[in-house]
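Visitor: I would like a close look at a single part of this model, please. Start there and then work outwards.

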Amino acid sequence: MTVTNSKAKAMGSFLKSRRERLSPEGVGLKIANGQRKTPGLRREEVAVLAGVSVTYYTWLEQGRDLTPSRDVIDSIAQALRLSPAEKGHLYQLWNPHISEMPSAASSAADLQMQKIIDQLTYPSLITNERSEVLAWNKAAQVIFSNFASIPVQERYFIRLLFEDAEMRNRIVNIEEFASYSVAVFRTYYDNHRGDPWFETTVEHLIQNSAEFERIWKQYDIQLKKVNRIILQPPGVLQPVPYDIHSLVNPSDRPDIHICIYTPVTEVPDADR
C-alpha cells in the first residue's frame with residue numbers, strides 16, 4: 001500500500017516533529033556523555049526502537065513514496081511514544097484508503113440544524129472542518145462576536161481567533177484556547193493536503209500573526225473533545241467558564257460540527 005506523495009510529506013514532517021520532542025532518557029536509552037547537536041532523538045535511535053532500518057526510517061521522514069505495513073506504523077508509533085490522538089493522526093496520514101483529492105467543504109448549515117441551535121439558550125455554533133462559521137444562535141452572537149457583520153470570506157473561527165480583537169478580549173484563557181484550536185486545525189490541515197484553501201489560510205495567518213506562527217511550528221495534534229474556555233460576557237462582572245461539546249457529525253454531513261458551550265456548574269464541597 002503506497003503512501004501518496006502529499007500525505008507522505010505530511011507524515012514525514014509529523015514523524016520528525018515527534019522525534020525532536022523526545023529525549024534518549026525519556027525512552028530508556030543510555031548515551032555517552034557529550035553534547036548532542038540533534039534536538040531530541042536521532043533517526044537511528046528511532047529506527048532501533050522501532051525495529052526498522054535507519055535508511056527506511058530516514059526515507060519516511062523525507063516523505064518518500066513508500067509502502068510501510070501496519071506493523072511498521074505501529075512500531076514507529078510505539079517508538080515515538082505517540083498519544084492516542086497522535087497515533088490516530090499518523091494512521092490517517094498512512095491509510096491508503098482515505099482519498100487524497102480535496103473534497104468540497106459544506107458551505108451551509110441546513111434549516112433544521114439552524115432551528116436546533118436557535119432553541120438552545122447556550123451559545124452554539126455550526127462549523128465545518130475549515131472552521132467556517134456556518135450558523136450561530138443569538139447567545140453565540142452576544143458572547144463571541146456579531147458574525148452577521150463579518151464578511152463571509154473572513155468568517156472562519158481560526159482566523160477570528162487571531163484577528164478579531166473583540167473576540168480575543170472576551171476569551172480569558174486565550175493562549176490555552178488558541179493552542180488547542182490550532183492543534184485541532186492542524187489535524188484537518190494534514191488530512192486535506194492538496195486543498196489550496198488550507199495552504200492559503202495557513203500562509204495568511206503566519207504572515208499576519210506571530211502568535212499563530214509560534215503555535216503552528218509546535219506541530220501539536222488534537223482531536224475535538226470536551227474542552228474548557230473561559231469567557232468574559234458583555235455586562236457580566238466575573239468571567240464564566242464553559243465546557244465545549246462537539247456533537248457527533250450527521251452521517252450525511254461528515255464535516256459538520258455542532259459546538260455547544262455550556263456554563264460550568266461548580267459542585268459544592270461536601271465537607272462545607
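Where is the place of Tyr219?

Guide: Tyr219 sits in the loop between H12 and strand S3 (227-231). Helices (H or I, at least four residues) and strands (E, at least two) are DSSP runs, numbered from the N terminus. Before going on, note that this is a predicted model, in which local features need pLDDT of at least 70 and side-chain atom pairs count only at pLDDT 80 or more, while totals for chains, interfaces and linings use all residues. Residues are numbered from 1 along each chain as its sequence is written, and side-chain values use heavy atoms, with hydrogens and water left out.

Tyr219 has a positive phi of about 55°, although it is not a glycine. As background, most residues other than glycine have a negative phi. Tyr219 is also buried, with a relative accessible area of 8%. Here buried means under 20% relative accessible area, exposed means over 50%, and partly exposed is in between (1.4 Å probe, protein chains only). Arg81 has a positive phi of about 55° as well, and is not a glycine either. Arg81 is in the loop between helix H4 (70-79) and helix H5 (84-94), and at 44% relative accessibility it counts as partly exposed. A glycine with a positive phi is Gly63, at about 80°, just after H3.

Back to H12, the helix on one side of the Tyr219 loop. Lys217 forms a salt bridge with Glu213, the closest N and O atoms being 3.5 Å apart. A salt bridge is a side-chain nitrogen of Lys or Arg within 4 Å of a carboxyl oxygen of Asp or Glu. Lys217 and Glu213 are four residues apart in helix H12, so about one helical turn separates them. In general, an α-helix has 3.6 residues a turn, so residues three or four places apart point the same way. Lys217 is exposed, with a relative accessible area of 62%, whereas Glu213 counts as partly exposed at 26%.

Another residue of H12 pairs outside the helix. Glu211 and Arg168 meet in a salt bridge through their side chains (2.8 Å, N to O). Glu211 lies in helix H12 (residues 210-217) and Arg168 in helix H9 (residues 165-170), so the pair ties together parts that are 43 residues apart in sequence. Glu211 counts as buried at 19% relative accessibility, and Arg168 counts as partly exposed at 23%.

The count of salt bridges comes to 12. One of them joins Arg130 and Asp195, with the closest N and O atoms 3.1 Å apart. Arg130 is in the loop between strand S1 (124-127) and strand S2 (133-136), and Asp195 is in the loop between helix H10 (174-191) and helix H11 (196-208), so this pair ties together parts that are 65 residues apart in sequence. Both Arg130 and Asp195 are buried. Elsewhere, Arg19, Arg43 and Glu61 are linked in a network of salt bridges. Glu61 also appears among the buried residues of helix H3 (residues 54-61), which are Tyr57, Thr58, Leu60 and Glu61. These residues cover an arc of only 155° around the axis (the arc being that of the directions from the helix axis to the C-beta atoms), which puts them on the same side of H3.

Strand S3, on the other side of the Tyr219 loop, leads to the nonpolar interior. A nonpolar core is a set of buried Ala, Val, Leu, Ile, Met, Phe, Trp, Tyr and Cys residues joined through side-chain atoms within 4.5 Å. The largest has 38 residues, and those with the most contacts inside it are Leu125, Phe144, Phe147, Phe157, Phe162, Ile229 and Tyr261. H10 gives the largest share of this core, nine residues. Leaving out residues up to four places away in sequence, Tyr261 touches nine residues' worth of partners including Leu125, Phe144, Phe157 and Ile229, where contact means heavy atoms within 4.5 Å. Another core, of 27 residues, lies apart from the largest one and has Leu41, Val72, Leu90 and Leu93 among its members.

Finally, the whole protein chain has 12 helices and five strands, and 46% of its 272 residues count as buried.
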